[in-house]
Amino acid sequence: MTEIATPTPVPASASASAEAKPRRVRRRVPHRTPHQAVRPSARLGGPLAALPWALPAFAFVGVLLVYPFFRSVYGSFFEDNGFTSRFTGIDNYTRLADDPVFGRSLLNTLMWVAGTLLLPVLLGLLIAVATHRMRFGGIAQMVIVLPFAISAAATAVLWNFMLTSDGAVNQFLRGVGLDSWAQTWLLEWPQNTLALIVAGTWQATGINVVLFAIGLRAIPRDTVEAAELDGASGWRMFRYITLPQLRAVTVVVVGMAVVNSLKAFDLIWILTKGGPSRSSETLALTMYREAFRLFHVGYGSAIALVLSVIVVASSWAYLRRQMPDTGWARG
């Protein structure tokens with residue numbers, strides 16, 4: 001026998017109160033898994049949405065860097081005096097091999113690279129290490145950094161006051177009885193180039209001290225303490241702990257020094273204007289004089305291209321050697 005269930009009657013008062021009471025609706029909170037996350041293109045309007053924002057930067061770089069470079073490459077095949085031009089092929093480049101002024105400026109550039117690379121980098125490293133734990137090391141570093149805050153033009157004026165024939169250096173030497181040491185520092189080669197390197201070193205050492213000091217503060221304290229427990233100190237600490245830990249900073253410092261030395265201009269121009277008889281010119285000064293002073297625009301463009309190739313090639317070779325594990329270096 002089958003039983004039929006009959007609904008239990010609900011009192012009228014209970015049904016009325018149930019209808020009067022608002023029903024609470026439970027909302028379901030959506031949960032996204034990583035593969036269900038909203039794609040950036042869906043929110044930003046596609047991969048080309050950022051293009052309008054980047055166009056001003058592309059235009060700026062194109063007008064100020066890309067176009068002048070290709071215009072110089074094109075102009076280097078012409079004999080151009082600023083008013084008329086005539087196609088000459090590679091004559092401007094063959095002229096470089098026979099030009100003694102270009103040979104001297106290339107030699108001066110190599111001297112600049114060697115001098116302003118070794119002296120400021122080594123001095124900056126030694127000063128940073130020597131003042132790292134010194135009681136008043138921060139004050140000493142600040143004093144050394146001050147010349148870097150001075151413009152190259154002001155630095156040139158200061159050193160011109162010191163290095164002229166009757167300047168402060170010669171007057172001091174004569175005052176202490178060292179008359180034979182007094183020299184015409186800026187009037188003879190190679191001492192004029194060496195004097196310029198000293199002036200550049202005086203200004204550039206400060207920024208290297210700052211960068212190396214930052215690198216020293218980033219060395220883990222645990223590494224230093226472990227080395228001290230193993231008996232490392234002095235030269236061994238510097239050679240096996242400090243110097244390897246500063247490798248990344250050293251790459252940056254040396255790279256900056258190479259590029260800055262290759263394009264040095266203002267300090268040399270104000271101190272000697274490349275003289276006497278163009279003996280202290282670097283490639284940057286030779287390019288400027290030929291293109292903008294003598295109006296040999298095509299020949300100046302050829303020198304500018306040679307300088308650009310040297311800068312790019314030296315930077316690429318250095319970074320490739322220092323970062324051999326990166327895909328960029330392998331490419």
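A pocket, as the word is used here, is an open set of grid points with protein on both sides within 12 Å along at least five of seven lines. Keep that in mind as you look at this predicted model, where the largest pocket has a volume of about 500 Å³. Its lining is made of 21 residues, and those closest to its centre are Gly200, Gln203, Ala204, Asn260 and Ser261. Where do the lining residues come from? Helix H5 (100-130), helix H9 (191-217), helix H12 (247-262) and H13 each give two or more of them. H9 gives the most, with 6 residues.

Now step back and take in the whole chain. There are 331 residues, and 31% of them are buried. The secondary structure comes to 16 helices and 2 strands. If you take the contacts between residues at least 6 apart in sequence, 64% of them join residues at least 24 apart. As for the outside, the chain exposes about 22,100 Å², with carbon and sulfur atoms supplying 66% of that area.

One piece of that surface is worth a stop. Phe60, Val61, Val63, Leu64, Leu65, Val66, Phe69 and Phe70 form a nonpolar patch there, and together they have about 810 Å² of accessible area. Take Leu64 as a sample: you'll find this residue in helix H3, which covers residues 51-75. Is Leu64 buried, partly exposed or exposed? Its relative accessibility is 48%, so it counts as partly exposed.

For a contrast, head over to Ala156 in helix H7 (residues 152-163). Ala156 has a relative accessible area of 0%, so it is buried. What does Ala156 touch, once its neighbours within four places in sequence are left aside? Its contacts are Leu267, Ile270 and Leu271. Ile268 belongs in this picture as well: 112 residues separate Ala156 and Ile268 along the chain, yet their C-alpha atoms are separated by 7.7 Å.

Carry on along the chain and you come to Thr272, in the loop between helix H13 (266-271) and helix H14 (283-293). Thr272 counts as buried because its relative accessibility is 14%, and the cut-off for buried is under 20%. Leaving aside neighbours within four places in sequence, Thr272 is in contact with Leu186, Leu196 and Ser280.

That loop also brings us to the salt bridges, of which the count comes to 4. Start with Arg278, whose side chain meets that of Glu281 in a salt bridge of 3.0 Å, N to O. Glu281 has a relative accessible area of 0%, so this residue is buried. Arg278 forms a salt bridge with Glu290 too, and here the closest N and O atoms are 3.3 Å apart. This second pair links distant parts of the chain, with Arg278 in the loop between H13 and H14 and Glu290 in helix H14, 12 residues apart. Both Arg278 and Glu290 are buried. Which residues end up in one network? Through salt bridges that share partners, Arg278, Glu281, Arg289 and Glu290 are joined together.

The last stop is another salt bridge, in which the side chains of Glu79 and Arg86 meet at 2.4 Å, N to O. Glu79 has a relative accessible area of 46%, which means it is partly exposed, whereas Glu281, back in the network, is buried.

Conventions: Residues are numbered from 1 along each chain as its sequence is written. This is a predicted model: local features need pLDDT of at least 70, side-chain atom pairs count only at pLDDT 80 or more; totals for chains, interfaces and linings use all residues. Side-chain values use heavy atoms; hydrogens and water are left out. Patches are made of residues with over 30% relative accessible area and no salt bridge: like charges are joined within 9 Å, nonpolar side chains (Val, Leu, Ile, Met, Phe, Trp, Tyr) within 5 Å. Accessible areas come from the Shrake-Rupley method with a 1.4 Å probe; for residues, only the protein chains shown count as cover. Helices (H or I, at least four residues) and strands (E, at least two) are DSSP runs, numbered from the N terminus. Buried means under 20% relative accessible area, exposed over 50%, partly exposed in between (1.4 Å probe, protein chains only). Contact means heavy atoms within 4.5 Å. On a 1 Å grid over the protein atoms alone, a cavity is a set of points where a 1.4 Å probe fits but cannot get out, and a pocket is an open set with protein on both sides within 12 Å along at least five of seven lines; lining residues have an atom within 4 Å of a point. Grid points are joined across faces, edges and corners, and a volume is the space filled by probe spheres set on the points.
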